[in-house]
Amino acid sequence: MIDDYRGRAEVRRVLKINDRIRSELREATDNWPMLHKGILPALNRPLLLILILVSNLQLSTARISHHADALGSSANQTNAYKTGERLIYNISFAHIPVAAHAELEVVGRKDFNGRDGIELRAHLETVDIVNAALLALDDDFISRIDPVSGLPFYFAQIKRPPMNDPSAELTSSPSAPLTRVLNVASGAFDPLSAIYYLRALPLAIGARQRFRILYGSEIVEAEAQVRGAERINTNIGVFNALVVQIRVRNDQRLNDYRPQIYFSDDANHLPLLITIQHPAGEIRAEIASFEEMGSPTPNPETKRASPPVATRSVERLVPRGDLPFSPNEQLNFRLILGPTEAPIGRITLQARPRARYFDRDALLLTLTAQTSSESARLFSLNDRINSYVDPLTLLPFRIELQMREGSWSLTRTITVDQDRGLALQDDGKRIEIPVGTHDLLSVVYALRSFDLTPPKRNAVAILAISRPRTLYVTALQRTTIELGGQRIRAIELALTTDDAEGDKHQLRLWVSDDRRHLPLRLSAMTPFGPLRADLEIIPLIEQ
């Protein structure tokens, strides 16, 4: 809670001085794909380095100088372009522990309209306070490169409406990609291909390389120097790392940010950590997950295994068959209080694609809930839940909570050992739980795979913040509800617990009467009156 308070205080301080910087960030983001058309803003804007951090723009449109032989060799002679490799990063800013997420992936080598190439993809998304107050970003990037030189011949950006944009609907699709075909002979890199080219260099302590970075009509002279080696601890293991310092030779303000990149000292040259010393606070992109097709995490120091612990024999209630939701499924709900139809807030659920998170094969489920500024005077809500779950059972192994409801607030990370029946909070508290326990978010997705034929009753263990409880999911009846001007066949569910007053809040959930069991409506009784969350759908679109 102290870190949460400090983080929010830091944001308030930054917001007082950064109205101009926010507009510059949006301008820079909008203009990024037009890099080679000469209209990208100059690099003398401070928080533009948030984008530089994520995409390695210090080296993005580099023209390799005559000193290239000091570090470089052919790109196809390294391990930088392994098909199926996926890297995931958590990005922090000042006292905000998670400001953004980034993913990098080598899709593979194939023929593109008669041209041999390697396709690279990246995703960048700001979250929570940064998304709401500083920079809303949810973009994909595609780069197709020559397999010999590493130079791109195609680069596209796909911009999506931010998740906190009230105009974004459930069925909204990403905007058309902004594309630019690059001339390989020009020696220019886009931001994504530059990251992999730098990995392809045979980095050695003391080696230097100069780069000419073209931004619009301005050229920035930069130099990369391998200044030493350090041992660093990451989410995927302990590594010996090579520290590359980026210096900007003709712009002292940029040089003062002292950007550094830590690469694993092995054949992979994994970018483990990127740091920038911004006046408002340090920016760090730390690797959270590594996935390589058919291979384990590469060469970290072996961690000592925990001794085996006897497990309790408890039958797990797990989803049956294929999951009824697809990767990147996003559900938006309108919060409605009382008899009126005017929304007081919004809830968004999203299932991120299957990947490696914290060295585990997993899905990432997210929930954000927030009331509007007008409604906050009566009912204040600002919650976020991240649930990292097993892709087969949907049981969580890591839960991240950032919750603020009225005067009550909570920031907590919980690590769950399903085999041992233990949940460990970040404050050191240990909680014994039944094997097969869900959290408040994962159970919403798990129950969609349950047999919900009325009057079927399912029981499942859940971790209600810090206490294990039994949740009973009772299929009451088949019915029809109206949403978005449509009448939709649904199944009404009663959600009760094993508490003495297990139905105190009269929780009811309506799901679609089909294989998807899509959540349509949730209702509850509160001290302020009946509260419900209705799924946003576009009229006349079959759900």
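How many bridges join strand S5 to strand S6? In this predicted model, seven bridges connect S5 to S6 (residues 152-159), and the two strands run antiparallel. S5 and S6 form a hairpin in which six residues lie between the strands. Within the turn, Gly150 adopts a positive phi of about 80°. Across this pairing, Asp139 stands opposite Lys159 of S6. S5 is also paired with strand S4 (residues 115-126), to which it is joined by eight bridges, again in an antiparallel arrangement. Here, Glu119 has Arg144 of S5 as its bridge partner.

The burial of S5 was examined next. Eight of the eight residues of this strand (residues 138-145) are buried, so S5 is largely enclosed by the rest of the structure. The burial extends to both faces of the strand. On one side lie Asp138, Asp140, Ile142 and Arg144, and on the other lie Asp139, Phe141, Ser143 and Ile145, all of them buried. Arg144 also takes part in an interaction with an aromatic ring: its charged end sits over the ring of Tyr154, 4.4 Å from the ring centre.

Aromatic contacts occur elsewhere in the model, with a count of six aromatic pairs. In one of them, the ring centres of Phe325 and Tyr445 are 5.0 Å apart and the ring planes are at 70°; because planes over 60 degrees apart count as edge-to-face, the pair is assigned to that class. The pair links distant parts of the chain, the two residues being 120 residues apart. Phe325 is found in the loop between strand S13 (281-291) and strand S14 (330-337), whereas Tyr445 belongs to helix H7 (residues 442-446). Both partners are buried: the relative accessibility of Phe325 is 10%, and that of Tyr445 is 1%. Ring pairs also link Tyr357, Phe358, Tyr388 and Phe397 into a cluster. Phe397 of this cluster is additionally covered by Arg360, which lies over the ring face at 4.2 Å from the ring centre.

Salt bridges were then considered, and 26 were found in a search of the whole structure. One of them joins Arg352 to Glu125, with 3.7 Å between the closest N and O atoms. Arg352 is located in the loop between strand S15 (343-351) and strand S16 (355-357), and Glu125 in strand S4, so the salt bridge ties together parts that are 227 residues apart in sequence. Arg352 and Glu125 are both buried.

Other salt bridges involve partly exposed residues. Arg227 and Glu230 form a salt bridge with a closest N to O distance of 3.6 Å; the relative accessibility is 40% for Arg227 and 33% for Glu230. Arg284 and Glu286 are likewise joined, their closest N and O atoms being 3.4 Å apart. Arg284 has a relative accessible area of 24% and is partly exposed, as is Glu286 at 33%. Salt bridges with shared partners join Glu341, Arg521, Arg532 and Asp534 into one network.

A further polar interaction involves Gln425, a residue of strand S21 (residues 422-425). At 4% relative accessibility, Gln425 is buried. The side chain of Gln425 makes a polar contact of 3.3 Å with the side chain of Arg412. Apart from neighbours within four places in sequence, the residues in contact with Gln425 are Arg412, Thr413, Ile414, Ile431, Ile465 and Ser466.

Technical notes
Residues are numbered from 1 along each chain as its sequence is written. Side-chain values use heavy atoms; hydrogens and water are left out. Buried means under 20% relative accessible area, exposed over 50%, partly exposed in between (1.4 Å probe, protein chains only). Helices (H or I, at least four residues) and strands (E, at least two) are DSSP runs, numbered from the N terminus. Two strands pair if DSSP finds at least two bridges between them. Rings of Phe, Tyr and Trp (its six-membered ring) pair if their centres lie within 6.5 Å; planes under 30 degrees apart count as stacked, over 60 as edge-to-face and the rest as tilted. A charge sits over a ring if NZ of Lys or CZ of Arg is within 6 Å of the ring centre and within 35 degrees of the ring normal. A polar contact is a pair of N or O atoms within 3.5 Å; within protein, one must be able to donate a hydrogen and the other to accept it, and residues adjacent in sequence count only if both atoms are side-chain atoms. Contact means heavy atoms within 4.5 Å. A salt bridge is a side-chain nitrogen of Lys or Arg within 4 Å of a carboxyl oxygen of Asp or Glu.
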